[in-house]
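This report goes through a pocket, a helix, a salt bridge and some backbone details. The sequence and structure come before the text.

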Amino acid sequence: MAFKLYGVGIFSCTRRVALIAKERGVPYELIPVGVKEGEHKSAAYLEHQPFGQVPYILQEDGFELYESRAIGRYVATLGSGPELIPSDPKARAKFEQAASIEYSQFDPAAGAIINERIFKPFWGKTPDQERLDSELVPSFEAKLDAYEAILSKQKYLAGDEVTLADLYHLPYGAQVFSLGYGNLGKRPNVQRWWDDISSRPSWEAVKDSA
C-alpha cells in the first residue's frame with residue numbers, strides 16, 4: 001500500500017498526491033527530484049515519466065503511475081477514510097462533472113495566474129502584469145462567479161459530500177488566494193466551501209510541503 005513519491009515537496013501536483021494519501025492514511029516516502037538541475041529531463045527519469053514532469057509514484061511490487069489526478073484516484077482506493085469517489089451511479093456522474101470542472105475550468109484559470117506570479121520568477125523570468133490585469137484575473141473571477149452559483153445550491157461541488165474534486169482544488173487554490181486574487185469576501189458560498197476544505201487535517205499536513 002505504501003509508495004515512494006518522486007516529486008518536489010512544494011510543487012502543487014506533488015502536494016495533491018500527498019493530500020489524498022493523508023486523507024486515506026496511506027504512508028509514502030517523498031523522493032526529491034532536482035528540477036532546477038534538470039533531473040526530470042534525464043534519460044533515467046524519463047524511463048518512469050516520459051513527459052519529464054513531476055510527480056510519479058512507485059510501489060514495492062514495481063507498480064508505477066504518473067499524472068497527479070490519476071495517482072490521487074488510485075490512492076483514494078487504498079487505506080481507509082472518507083470515500084472520496086462515490087459508487088452510486090448518479091452520485092458518480094456528479095463527481096465526474098465536478099472533477100471535470102476542476103480540471104478544465106479552475107485549474108487553467110488559476111494556473112495561468114500562478115505561472116505569471118510564481119513560476120516565471122522561479123525560473124528567472126518577468127511576469128506579464130498587463131496580461132494578468134486585462135485577461136487572466138478577469139477570467140479567474142468569472143470562473144469563481146460560476147462556482148458561487150453552484151455552491152449556493154449544495155455544500156460541495158458534487159453534492160453534499162466532499163470528494164476528490166473538491167480536494168484537488170487545494171494546491172492551486174491556496175496559492176492563488178494567498179496572492180490576493182479571487183475576492184472571496186464577495187462570494188460567500190465559495191468562501192464557506194474554501195474554509196471547509198482548507199481546514200481539513202490532511203491539507204494542514206501538506207500545505208507547505210509534501
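## The largest pocket

H4 gives the largest share of the lining of the largest pocket, namely five residues. The model is a predicted one, and the volume of this pocket comes to about 770 Å³. Its lining is made up of 23 residues, and those that lie nearest the centre are Cys13, Gln53, Val54, Phe119 and Tyr172.

Three helices each supply at least two residues of this lining: H1 (12-24), H3 (68-75) and H4 (89-122). Sorted by class, the lining holds 10 nonpolar residues, eight polar and five charged.

## Helix H4

How many Å does H4 span between its end C-alpha atoms? The span is only 43 Å, whereas a straight helix of 34 residues would span 50 Å at 1.5 Å a residue. H4 also has a bend of about 45°, located at Asn115.

At the N-terminal end of H4, Asp88 acts as the cap, with a side-chain oxygen 3.1 Å from the backbone nitrogen of Lys90. After the helix comes Gly124, which has a positive phi near 80°.

## Salt bridges

The model contains 13 salt bridges, counting each side-chain nitrogen of Lys or Arg within 4 Å of a carboxyl oxygen of Asp or Glu. One of them joins the side chains of Asp107 and Arg69, at 3.0 Å from N to O. Asp107 belongs to helix H4 and Arg69 to helix H3, so this pair ties together parts that lie 38 residues apart in sequence. Both helices, H3 and H4, also supply at least two residues each to the lining of the largest pocket.

## Backbone details

Most peptide bonds are trans, and most residues other than glycine have a negative phi. Two places in this model depart from those patterns, as described below.

Which peptide bond is cis? The bond from Val54 to Pro55 is, with omega near 5°. Pro55 is found in the loop between helix H2 (43-46) and strand E3 (56-59). Val54, on the other side of that bond, is among the lining residues nearest the centre of the largest pocket.

Glu67 is not a glycine, yet its phi is positive, about 80°. Glu67 sits in the loop that runs between strand E4 (64-66) and H3, the helix that holds Arg69 of the salt bridge with Asp107.

Terms used. Residues are numbered from 1 along each chain as its sequence is written. This is a predicted model: local features need pLDDT of at least 70, side-chain atom pairs count only at pLDDT 80 or more; totals for chains, interfaces and linings use all residues. Side-chain values use heavy atoms; hydrogens and water are left out. On a 1 Å grid over the protein atoms alone, a cavity is a set of points where a 1.4 Å probe fits but cannot get out, and a pocket is an open set with protein on both sides within 12 Å along at least five of seven lines; lining residues have an atom within 4 Å of a point. Grid points are joined across faces, edges and corners, and a volume is the space filled by probe spheres set on the points. Helices (H or I, at least four residues) and strands (E, at least two) are DSSP runs, numbered from the N terminus. Ala, Val, Leu, Ile, Met, Phe, Trp, Tyr, Cys and Pro count as nonpolar, Asp, Glu, Lys and Arg as charged, and the others, Gly among them, as polar. The expected span of a helix is 1.5 Å times one less than its number of residues. The bend at a residue is the angle between axes fitted to the seven residues ending there and the seven starting there. A polar contact is a pair of N or O atoms within 3.5 Å; within protein, one must be able to donate a hydrogen and the other to accept it, and residues adjacent in sequence count only if both atoms are side-chain atoms.
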